[in-house]
Amino acid sequence: MDQPDAPRSPWWRRALLLIGFASAAFVLSRLELGAMLAALGRVSVLTIVGAALAMWANMAVKAVRWQRMLRHRGVAVPWPLSALVFFEAMLWGCLTLGRAGELFRVAPLTDRGVPLRAALASVLLDRALDLGFLVVVGAAALAVATGHPALAVTIGVGTAVVLGVVGVLGKRHTIDEPPPPERVRLALEETRAFFYPAALIESGAWTVVSGACSFLVVLALARDVAPEAQALRLLAAAFIASLSTLLPITYQGIGTREPIFAAVLAVDGVPSERA
């Protein structure tokens, strides 16, 4: 008996993948391999070790934040299990477009009896924290670096107002409460359950620590590769480039991160190969 053909992915997904690879190929073709290798040769072993430690600290903080978010929602997952699930999903995220593989955290939770709505909300809101932090800090840093401090203050005040509203609207309730039937209301209720004041403050604090560790990686490498780069522009480039990893056309932002760094750091005279 003939086996049915496996379903093919939609044409637009294949087209997005081709766009991502084409973008990466174009960026790499514009760079001089010798200059890139020379730039990498500037990095000391001590810098590599320090950057690696900061990167692992960043991922560990994210894992702790996710577990704490689950606990605030009333889901008690032992640390060894939550860490294993988190890091496995991180690996799959590195291998999928737009880091979609991070959604693999959902299945292990539902297997333990966690409602799908809460499991899915924990992953999506966890990513929303990172997304919001990258947008706000990256935009504010870029505004200051380009001589628009008033815009940075506006971004900061607006962010504080939004977080205040979210915290005020947040409400803690048990995981066993029946969910509302409407999808929009269900999404809002899950957001409120994860982001009541105490939970929002703690999640926000972990996000700031995670962001600091992430920036330390860039700062350590830039000290050897691009010492002339201004710290604020480095911060803007790093956080804005990190947003490109969420685009469904690249793996880990390959082909999109590079031109962002090159464009932002060109003001400081950093060659594209070193950026």
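Which helix supplies the largest share of the lining of the second largest pocket? In this predicted model, the answer is α6, with 7 residues. The second largest pocket has a volume of about 460 Å³. Its lining is made up of 17 residues, and those closest to the centre are Leu129, Gly132, Phe133, Thr159 and Leu163. Three helices, α6 (116-145), α7 (149-169) and α9 (197-225), each give at least two residues to this lining. In character, the lining of the second largest pocket comprises 13 nonpolar residues and 4 polar ones. No charged residue takes part in the lining.

Helix α10 was examined next. This helix runs over residues 231-243 and holds 13 residues. At 1.5 Å a residue, the expected span of α10 is 18 Å. The C-alpha atoms at the two ends of α10 lie 19 Å apart, which agrees with that expectation. The expected value is 18 Å because the rise is counted over one residue less than the helix contains. Many residues of α10 are buried, among them Arg233, Leu234, Leu235, Phe239 and Ser242. Several alanines of α10 are buried as well, including Ala236, Ala237, Ala238 and Ala241. The cover over the buried residues of α10 includes α6, α9 and α11 (257-265).

Aromatic rings were then considered. The structure holds 5 aromatic pairs. One of them joins phenylalanine 86 and phenylalanine 87 in an edge-to-face arrangement. The ring centres of phenylalanine 86 and phenylalanine 87 are 5.6 Å apart, with 85 degrees between the planes. This pair counts as edge-to-face because its angle of 85 degrees is over 60. Phenylalanine 86 has a relative accessible area of 2%, so it is buried. Phenylalanine 87, at 27%, is partly exposed. Its value falls in between the limits of 20% and 50%, which is why phenylalanine 87 is placed in neither the buried nor the exposed class.

Another pair is formed by phenylalanine 133 and phenylalanine 239. These two rings are tilted, at 5.7 Å centre to centre and 50 degrees between the planes. The pair links distant parts of the chain. Phenylalanine 133 belongs to helix α6 and phenylalanine 239 to helix α10, 106 residues apart. Phenylalanine 239 counts as buried because its relative accessibility is 3%, and the cut-off is under 20%. Phe133 is also one of the residues closest to the centre of the second largest pocket.

Finally, one aromatic cluster is formed by Trp56, Trp66, Phe86 and Phe87.

Notes. Residues numbered from 1 in each chain as written. Predicted model: local features only at pLDDT ≥ 70, side-chain atom pairs only at ≥ 80, totals over all residues. Heavy atoms only, no water. 1 Å grid on protein atoms, 1.4 Å probe; cavity = no way out; pocket = protein on both sides within 12 Å on 5 of 7 lines; lining within 4 Å. Points joined across faces, edges and corners; volume = space filled by probe spheres on them. Helix = DSSP H or I, 4+ residues; strand = E, 2+ residues; numbered from the N terminus. Nonpolar A, V, L, I, M, F, W, Y, C, P; charged D, E, K, R; others polar. Buried < 20%, exposed > 50% of the residue type's maximum accessible area, 1.4 Å probe, protein only. Contact = heavy atoms within 4.5 Å. Phe/Tyr/Trp six-rings, centres within 6.5 Å; stacked < 30°, edge-to-face > 60°.
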